[in-house]
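I'm opening a fresh notebook page for this one. I'll go through it piece by piece and jot down what I looked up.

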Amino acid sequence: MLKGKTAVITGGVRGIGKAIAKAFCRNGANVILCYRSNDAEAEKTAAELSGFGPQVKLVKGDVADPETAKRVAGLIKDEFDKKVDILVNNAGITNDKLMMRMSDEDFTKVIDANLNGTFYMMKELSALMVKKKNGVIINMASVSGLKGNPAQVNYSASKAGIVGMTLSAAKELGRRGIRVNAIAPGFIETDMTAVLTDEQKETAAKNITLGRLGQPEDIANAALFLASDMGAYITGQVISVDGGIIM
Ligand code: NAP
């Protein structure tokens, strides 16, 4: 489905990002995976994905630093003939605290990584996509950005911001051959949610229409659909993949 395409996936070495990278590689795409600090996991993921055939490149850097997006664009110019077909802005963090206890830094750090990081990557890589009049951007939002969650004003604000940014970018870039969509995952079992107790997970599952927590592959399937020609007429959409939390 993605043979010969090149995809950048931020936060692509663990959790949801890794599942997306796997789905893309299995379907023929070269992948450039950005990560912040976990070298061991990055090397392990790269070795695992290399078995599928296409190229796998790692870029270590903080997406909250605009230089990281510039370095990724530089790699695409030097090693991929200035061509990037797919960008998945998946890197994200939480720092949950009740608002009363949330410091300015707690708030800003999450906005910097989730929202600003998405902006820097979209800006740099859409400039390359515009030149080829072709591209797909998928931004990782969250149900938290659509319905809110206690102790997550920082995270909800970043994810709601991603939704707005996705819609504006879709309107700006549509006539230049670029589709921009967001996925809003529900409760997905990754390191991000591993901090919760079994009891908290059981309670969460009770509020999910399909009665189970999501797996990273549930999100990867939606990303593959949007990234491929199966999603060729879809832009400016926020697709909830949440087992029916929001309906
Ligand atoms: P995860 O398991 O914690 O993995 C996060 C990935 O993002 C890691 O590879 C991490 O790099 C990278 N990352 C984090 N901050 C970064 C930064 N500043 N610069 C570069 N890379 C950074 O998370 P996940 O659960 O797979 O979540 C992926 C995305 O889905 C996030 O945007 C999250 O908000 C969203 N989401 C998740 C859920 C859920 O239930 N899990 C629900 C809704 C939305 P290192 O490996 O180097 O640490």
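**Starting from one strand pair**

I began with a single residue: Pro185 stands opposite Val241 in E7. A note to self before going on: this is a predicted model.

Pro185 belongs to E6, so I looked at how the two strands sit together. E6 and E7 run parallel, joined by four bridges. On the E5 side I found parallel pairing again, with six bridges between E6 and strand E5, residues 135–140. One of the residue pairs there is Asn139 with its bridge partner Ala182 in E6.

**The whole sheet**

Next I wanted the strand order. How many strands does the open sheet have, and in which order? There are seven, in the order E3-E2-E1-E4-E5-E6-E7, and the pairing is parallel. The edges are strand E3 (56–60) and E7, each of which pairs on one side only. I also looked up the turn between neighbours: on average, neighbouring strands of this sheet are turned by 20° against each other, direction ignored.

Over at the E3 edge, strand E2 (residues 30–35) pairs with E3 in the parallel sense, and I noted five bridges. Tyr35 stands opposite Lys60 of E3 there.

A reminder I wrote in the margin: strands of a sheet pair through backbone hydrogen bonds, either parallel or antiparallel.

**Helices on the sheet**

Helix H1 (residues 15–26) packs on the sheet, and I listed its contacts: strand E1 (6–10), E2, E3, strand E4 (86–89), E5 and E6. The direction of H1 makes about 170° with that of E1. Then I checked H8, which lies across E4, E5, E6 and E7. Relative to E6, H8 runs at about 165°.

**Is E6 buried or exposed?**

I went back to E6 (residues 178–185) for this. Eight of its eight residues are buried, so the strand is largely enclosed by the rest of the structure. I then sorted the side chains by direction. Ile178, Val180, Ala182 and Ala184 point one way, while Arg179, Asn181, Ile183 and Pro185 point the other way, and all are buried.

**One buried threonine**

I picked Thr68, which sits in helix H3 (residues 66–79). With a relative accessible area of 2%, Thr68 is buried; the cut-off for that word is under 20%. What does Thr68 touch, leaving out residues up to four places away in sequence? I found Gly61, Asp62, Val63 and Met121.

**Salt bridges**

I counted nine salt bridges in the structure and opened up a few. A line to keep in mind: side chains of opposite charge can pair when their charged atoms come close.

Glu48 and Lys22 meet through their side chains, at 3.1 Å from N to O. Glu48 lies in helix H2 (residues 39–50) and Lys22 in helix H1, so this pair ties together parts that are 26 residues apart in sequence. Glu48 counts as partly exposed at 34% relative accessibility, and Lys22 also counts as partly exposed, at 26%. Glu48 and Lys22 belong to a network of salt bridges that includes Lys18.

Lys83 and Asp85 form another salt bridge, at 2.9 Å from N to O. I checked how covered each partner is: Lys83 is partly exposed at 30% relative accessibility, whereas Asp85 is buried at 4%.

Arg212 pairs with Asp218, with the closest N and O atoms 3.0 Å apart. Arg212 is partly exposed, with a relative accessible area of 44%, and Asp218 is partly exposed too, at 24%.

**A nonpolar patch outside**

On the surface I looked up a nonpolar patch made of Met1, Phe225 and Met230. Together these three have about 320 Å² of accessible area. Where is Met230? Its place is in the loop between helix H8 (216–227) and strand E7 (238–241). Met230 counts as exposed, at 56% relative accessibility.

**Two backbone oddments**

Last, I looked for residues with a positive phi that are not glycines. Lys82 has one, at about 60°, and lies in the loop between H3 and E4. Ala151 has a positive phi as well, about 70°. I located Ala151 in the loop between helix H5 (144–147) and helix H6 (153–173).

Note on methods
Residues numbered from 1 in each chain as written. Predicted model: local features only at pLDDT ≥ 70, side-chain atom pairs only at ≥ 80, totals over all residues. Heavy atoms only, no water. Patch = residues over 30% accessible without salt bridge, like charges linked within 9 Å, V, L, I, M, F, W, Y side chains within 5 Å. Areas by Shrake-Rupley, 256 points an atom, 1.4 Å probe, with all protein chains shown as cover. Salt bridge = Lys/Arg side-chain N within 4 Å of Asp/Glu carboxyl O. Buried < 20%, exposed > 50% of the residue type's maximum accessible area, 1.4 Å probe, protein only. Pairing = 2+ DSSP bridges. Axes fitted to C-alpha atoms, helices over the stretch in contact; angles between N-to-C directions. Contact = heavy atoms within 4.5 Å.
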